[in-house]
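Here is a walk through the model shown below. Have it open as you read, and we'll go from confidence to contacts.

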Amino acid sequence: MTVFKSPGSGSKFVLPRRSLLKGGAALGMSTALGAPFINRLFAAEEHPLAGQSIEMNILGIAGWVPSSLGVKMSPLFADYVKEKYGYTVSFAFAEAPFSDLFQKAATSLATKSQEYNIIISDSQWLGALAKPGWILKLNDVIAKNPALQLDWYSQTVVDTYMTYPDGTKDIWGLPQEGDVEALYVRKDWLDDPKEKEAFQAKYGKPLPQTFEDFDALTMDEFEKIAEFFTRPDEQRWGFAQQYSRVYDFATCAFNNYLWSRGGEIWDPATGQIEGILNTQQNADSLQAFKDWLKYCPPGATNFGIAEGIDVFTQGKVFSTIQWAAVGSAMITDELKGKVLVVPPPKHGTGDAAKRICSMGGQPWVINAFNDEKKMRVAIDFMNWWYQPDTAVEFAKRGGNPCDKATLSRDDFNSINPWNQTYKFMLEEGRSRDFWHDPKYSEMLAIQQEGYSSFVTGQSSDPKAVLDYIACAQQQILNDEGVAKTAPSDACAATSL
Amino acid sequence: MARLRAGLYYAGLWATSLVFFAPIAWIVLASFKTRSDILAIPPKLIFTPTLQNYVDLFQRQSLFLQIGNSILLSLGAVIIAVFVSFLAAFCFSRFKPKGTDFLMFLLLSIRMLPGPAVILPVFLMYAAFGWKDSHLWLMLFYAMFSIPFSVWILKGFLDGVSTRFDETGIVNGGSWFHVIFKVVLPQVRPGLIAAFIFNLIFVWNEFLFNFIIGGVTTQNIPYALAVGTYADGGVNWTFISAMTSVYIILPITFIYLFQKYLLVGMTFGTVRGEV
Amino acid sequence: MSAITSRPRLARLFDDRRMMVLTLLAPVMLFFIVFNTIPTLWLLGLSFYNFSLTSGMPPEFIGVRNFVQIFHSRNGIWLDLSRTFTFVVCGVGIQTVLGAALGFLFWGSRDMPGRRIALTMLFAPMVLTPVATGTFFRFIYDPTFGVLNAMSHGLFGTGPIDFLGNPSLAFWAVLAVDCWMWTPFMTLMTLAALGSVPKAELEAAEIDRVPFVRRLSLVIWHHGKFILMLGILLRTIDSFKTLDLIIPMTKGGPGQQTRLVAMEVNKQAFESFNMGWSSAYSVLLLLISIAMTSVFIYVLNLRRRREG
């Protein structure tokens with residue numbers, strides 16, 4: 001068979017040359033025309049990335065207001081750097097719900113990929129992300145960038161969102177969203193004259209009305225109010241909080257009881273859990289935690305954050321202990337002006353009464369495997385995020401910044417209904433985070449299972465449940481080398 | 001009397017079908033409700049329908065990427081799987097190499113492990129070779145999962161196609177290629193279609209593998225459903241119901257159109273006509 | 001004529017045979033080796049190491065310690081297995097009985113108007129994404145907002161029942177959803193099995209006025225059991241792997257009541273990232289699955305061989 005040479009094949013080589021010439025001419029023209037603009041850009045600030053276009057990926061938390069705020073505000077950053085530094089940045093977002101986010105981040109970072117350049121991480125994961133070297137250590141970055149050397153509102157902020165291991169000066173994250181536990185109450189139910197009368201008649205005391213009233217309130221007094229508003233036949237209950245087995249919901253809600261009543265969960269210095277977590281005092285706290293189910297709607301044992309929002313916004317409960325971060329979801333348009341946000345009640349009586357609640361919130365962490373360009377953009381992003389204007393804008397949209405300057409503004413309390421409580425709970429000693437250990441996930445899973453098993457009635461002895469949890473956690477930390485002592489012999493007999 | 005009995009009989013069957021379909025109908029119904037209507041107590045059967053959920057759905061970022069990925073990954077994986085399986089099944093059926101039974105069993109063993117157990121070493125492997133978040137490698141992995149079932153079905157059908165056809169084809173001067181694809185293949189159509197549809201639905205609904213070894217570029221709809229469950233703190237019922245309703249259209253359509261083939265296909269070759 | 005002319009062809013065929021077998025099997029074998037053999041060997045190897053992805057440290061050889069830990073575990077590995085077995089046995093049992101009954105019911109309905117639509121509706125539960133199914137059934141079961149509670153309150157005047165939060169009900173509630181999803185599959189298999197019965201024999205039995213029960217055992221069971229058993233086998237294997245359905249509904253709770261084997265692997269491998277331990281556990285599960293399936297296939301093959 002003969003092979004014919006196609007007629008146009010000779011000219012195939014001419015065409016590219018022609019198009020090259022065309023391209024070259026175009027380039028030359030655009031440079032000539034664009035020169036004045038480029039000069040102006042360069043005049044703004046000398047920046048290594050000027051004139052380039054960079055793509056960044058942010059991994060955030062699905063369905064979480066502050067995370068989506070961070071995402072929604074990124075076009076502002078794009079505008080900012082375009083004007084100031086002369087480069088274009090475009091963002092793509094990925095997200096996963098809390099319960100799966102660590103999984104998503106870890107499976108990606110384990111491959112040393114640049115799939116996610118900036119990650120909004122939950123505060124407990126700092127250890128798990130830092131230890132394998134997946135995120136960038138920020139001490140040097142902060143030293144070189146004055147904009148990041150902020151005065152944070154309290155030491156709690158630094159301890160929770162920035163430091164790992166606990167007690168050292170190593171910094172791995174910068175606070176994205178501060179978060180504390182708050183009590184959301186239906187002010188309109190409190191203001192109702194009929195309710196006021198009935199309550200006064202029944203208990204001989206007035207219903208609390210203001211922030212200060214609730215600040216002074218103890219759990220015993222609050223219990224009366226919860227009981228008062230628990231009316232199942234009217235489809236209304238007095239209270240709701242998280243009891244769910246998923247993620248950290250039950251733990252965060254229970255730790256409010258544990259810490260406020262004087263208990264501890266571990267000794268960070270020695271890694272000791274057994275003997276500290278499973279005390280009789282904590283067992284009593286666990287029982288109290290379960291007892292409050294009687295003021296909660298049915299199905300409360302499955303309540304996480306989302307369910308808490310659902311029951312409150314649908315008018316099923318008088319009050320909910322809920323994160324300040326979801327304030328904008330809790331206070332829907334229909335509920336505007338009807339909700340008062342106050343600190344959770346104190347545990348105990350008299351002067352010894354105190355409240356120590358769980359700390360929430362998320363830090364920004366930077367992927368350690370970013371190439372130079374993306375790293376530069378990430379640092380610029382942080383610098384921009386902590387500018388006073390950005391922080392205020394963030395607050396105005398419903399977010400919670402953490403720096404002293406923004407929080408000390410005169411108008412801060414009025415920006416969002418929960419801001420006053422947020423500042424209040426952020427002060428030293430009022431909120432606490434639990435362990436940042438890389439093994440937190442395993443320890444948390446056991447704990448969640450235990451607490452869930454107790455509140456649903458599968459296990460009936462709170463002390464036994466705590467023994468089981470403490471032993472298992474002691475084993476994990478001992479295997480890891482963080483805890484110096486192994487679980488005691490009594491541990492062999494524990495079970496759920 | 002017989003008519004009455006028949007009528008009652010048919011009514012009973014329809015009632016059963018409706019009972020099984022009821023939860024799905026509930027989801028589709030919810031996709032036309034506002035969020036407050038969905039959460040209303042007692043649950044509302046009569047309400048003013050709204051199309052807002054669908055409008056919102058189609059304005060979601062990445063939606064078309066996800067739908068595209070779902071279609072691409074499903075079709076690609078299953079086409080590859082059925083093709084490869086057909087060749088293998090032909091070989092097992094016609095030439096019965098030594099160890100056929102052992103190989104068939106081994107193929108089945110792939111499907112025995114729970115998802116996380118299967119994906120664990122694959123994840124490490126993909127991580128080591130940089131194959132994570134790649135359409136090709138994800139598709140190939142899905143294909144692997146679809147092969148065992150396809151081989152079993154196709155072998156069953158091929159066993160039912162007499163070897164006379166092969167011989168006649170060869171005798172008449174055709175190559176093996178001709179025999180396999182032009183003579184034998186059309187005769188096992190029900191098996192091909194059944195294998196195709198079952199595996200398509202499996203990959204269509206697959207979440208875990210995409211979550212672990214897929215990534216930003218290969219996200220599919222079940223992944224979107226999982227991450228979109230919570231929106232700004234509350235459960236995003238409107239999204240889930242609308243998305244599920246849209247997503248289920250393809251599988252249900254296939255089941256309706258190809259029902260005959262499914263029924264015949266699941267006989268694994270013992271029936272060639274109508275069921 | 002064909003014998004003479006096909007002989008040389010057949011001879012050539014014989015030469016080609018090795019090549020043919022190789023070519024036909026090559027793609028499958030390639031897939032198998034890359035995506036099955038290598039990962040399984042990797043899994044096997046990793047099960048002897050202590051490797052936590054988040055510790056930042058390289059894998060450390062520890063021999064059989066992972067396996068020892070599993071066997072000694074008070075953490076409920078054996079509980080998980082027994083729970084999973086209960087789930088599989090009860091689930092497949094209910095699905096088979098109910099599915100077969102429905103299959104028989106639908107078998108005689110050739111002339112039913114809209115049969116195709118009715119069957120499509122019946123098969124629909126199988127094709128719903130498990131993630132969506134789990135989430136929605138969580139809603140349906142919800143004591144405050146759910147439709148089941150509203151119905152039971154309206155019809156029977158009961159108080160709120162927390163299906164998924166009550167430790168004694170949760171397991172069965174989850175099992176009920178699994179049955180809802182997969183009974184149609186068994187119906188499909190039953191219809192296929194019934195279809196594989198040669199019509200001639202059926203008609204002969206009818207003409208001979210053989211009573212239904214005998215007809216069942218002699219004719220129908222004789223021919224249809226292979227497919228039915230295959231359906232049971234497939235369902236058993238898949239049921240063992242249930243994961244996607246449970247996570248949105250209960251995530252293993254309340255307490256540990258709905259924690260199945262696949263969930264523990266998922267938790268250890270992709271939440272705690274203990275690769276070594278989860279590999280060991282997976283190897284164990286693989287051995288159990290292979291044992292289960294071998295028994296099944298043996299029984300299946302035995303029957304088939306008896307047919308001849």
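**How far to trust chain A**

Let's start with chain A of this predicted model: its mean pLDDT (the predictor's confidence in each residue, from 0 to 100) is 86, and 91% of its residues reach 70 or more. Because this is a predicted model, local features need pLDDT of at least 70 and side-chain atom pairs count only at pLDDT 80 or more, while totals for chains, interfaces and linings use all residues. As for names, residues are numbered from 1 along each chain as its sequence is written, and chains are lettered from A and ligands numbered from 1 in the order in which they are written.

Where in chain A is confidence lowest, and where is it highest? The low point is helix α1 (residues 14-44) of chain A, with a mean of 48, and the high point is helix α13 (residues 280-291) of chain A, at 95. Helices here are DSSP runs (H or I, at least four residues), numbered from the N terminus. Over residues 1-15 of chain A, pLDDT stays under 50, and the model has 0 contacts for them beyond four places in sequence. Residues 30-43 of chain A also stay under 50, with 5 such contacts. Two residues are in contact if their C-beta atoms, placed from the backbone, lie within 7 Å.

**Where the chains touch**

Now look at chains B and C: 73 residues of chain B are in contact with 75 residues of chain C. On the chain B side, α1(B) gives the most, with 12 residues. By class, that side has 61 nonpolar, 10 polar and 2 charged residues (Ala, Val, Leu, Ile, Met, Phe, Trp, Tyr, Cys and Pro count as nonpolar, Asp, Glu, Lys and Arg as charged, and the others, Gly among them, as polar). Chain C also meets chain A, through 24 residues of chain C and 30 of chain A. There, the chain C side has 8 nonpolar, 10 polar and 6 charged residues.

**A closer look at α4(C)**

Helix α4 (residues 115-123) of chain C has buried residues (20 or more other C-beta atoms within 10 Å of their own, C-beta atoms being placed from the backbone), including Ala118(C), Leu119(C) and Met121(C). The buried residues of α4(C) pack against α1, α14 and α15 of chain B, together with α3 and α7 of chain C.

The contact between α14(B) and α4(C) is made by Ile252(B), Ile255(B) and Tyr256(B) on one helix and Arg116(C), Thr120(C) and Phe123(C) on the other. By class, this contact has 4 nonpolar, 1 polar and 1 charged residues.

Definitions and conventions: Helix = DSSP H or I, 4+ residues; strand = E, 2+ residues; numbered from the N terminus. Buried ≥ 20, exposed ≤ 12 C-beta atoms within 10 Å, placed from the backbone.
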